[in-house]
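Dear colleague,

Please find below the structure that I am handing over to you. My findings follow it.

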Amino acid sequence: MEGYSLRPAAVDDLDRVLEIEAVAQPQGAWTRDHFVGEFEKPYSRFLVLTDDETDTQVAGYLVYWVMFEEASLQTIAVDVAARGMGYAKLMLRSLISDAVRAGAQRVNLEVRKSNVPAIQLYQGLGFTVSQIRKSFYSNGEDAYQMALHLDGAPVVF
Ligand SMILES: CC(C)(COP(=O)(O)OP(=O)(O)OC[C@H]1O[C@@H](n2cnc3c(N)ncnc32)[C@H](O)[C@@H]1OP(=O)(O)O)[C@@H](O)C(=O)NCCC(=O)NCCS
């Protein structure tokens, strides 16, 4: 995607990240403490997508963990004004490349059963449902656990 690039998040990005988060995850939005906590975990990657011109306009972000053979997506969101332009796909491709470089065998994530845009996004990148986690979310909604296996199989973009 031209004009926007991923870089590690900084404390100065948090106000904008929290604005996007409040709209993107109305049920169970992460707090400032959640995001700050990710800076302190050695296995966590917290990246923001910013404009190349000023490097300050945050259009989206993702947090994922890489631990041994597994990468796991913790959260991802794109600003409403920037959706449908391929930014989430760009961020997940970066996650997958990083996971491959780190020697991970698979990428895991959980998604609400009702979150059709996200499910289609993940399926488009080759993720498949590995199990259903009953009442996973605080409102009682089930989650799909989805996985992308990286071992040997070509990653289809
Ligand atoms: C899910 C989300 C991150 C997608 O971001 P995005 O930048 O708009 O997604 P992209 O433009 O990269 O789209 C990639 C694919 O996702 C799917 N997709 C995206 N928006 C969709 C929609 N409204 N309906 C159906 N599929 C959709 C499509 O398969 C799309 O591929 P295509 O363009 O080839 O059809 C965004 O809608 C969002 O921030 N949602 C709120 C937060 C959230 O639900 N996060 C996931 C938690 S598990």
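In what follows, Ala, Val, Leu, Ile, Met, Phe, Trp, Tyr, Cys and Pro count as nonpolar, Asp, Glu, Lys and Arg as charged, and the others, Gly among them, as polar. The model is predicted, so local features need pLDDT of at least 70 and side-chain atom pairs pLDDT 80 or more, whereas totals for chains, interfaces and linings use all residues. Residues are numbered from 1 along each chain as its sequence is written, and side-chain values use heavy atoms, with hydrogens and water left out.

The shell around the ligand consists of twelve nonpolar, five polar and three charged residues. A residue is near the ligand if one of its heavy atoms lies within 4 Å of it. Of the 20 residues around the ligand, those that come nearest include Ile76, Val78 and Gly84. The element that gives the most to this shell is α4, with five residues; helices (H or I, at least four residues) and strands (E, at least two) are DSSP runs, numbered from the N terminus.

Which backbone atoms approach the ligand? A backbone N or O atom of isoleucine 76 lies 2.9 Å from a ligand nitrogen atom. A polar backbone atom of valine 78 is 2.9 Å from an oxygen atom of the ligand, and one of glycine 84 is 2.8 Å from an oxygen atom of the ligand. The protein buries 71% of the 930 Å² that the ligand exposes when taken alone (Shrake-Rupley method, 1.4 Å probe).

Yours sincerely,
A colleague

Definitions and conventions: Polar contact = N/O pair within 3.5 Å; in protein donor to acceptor, adjacent residues only side chain to side chain.
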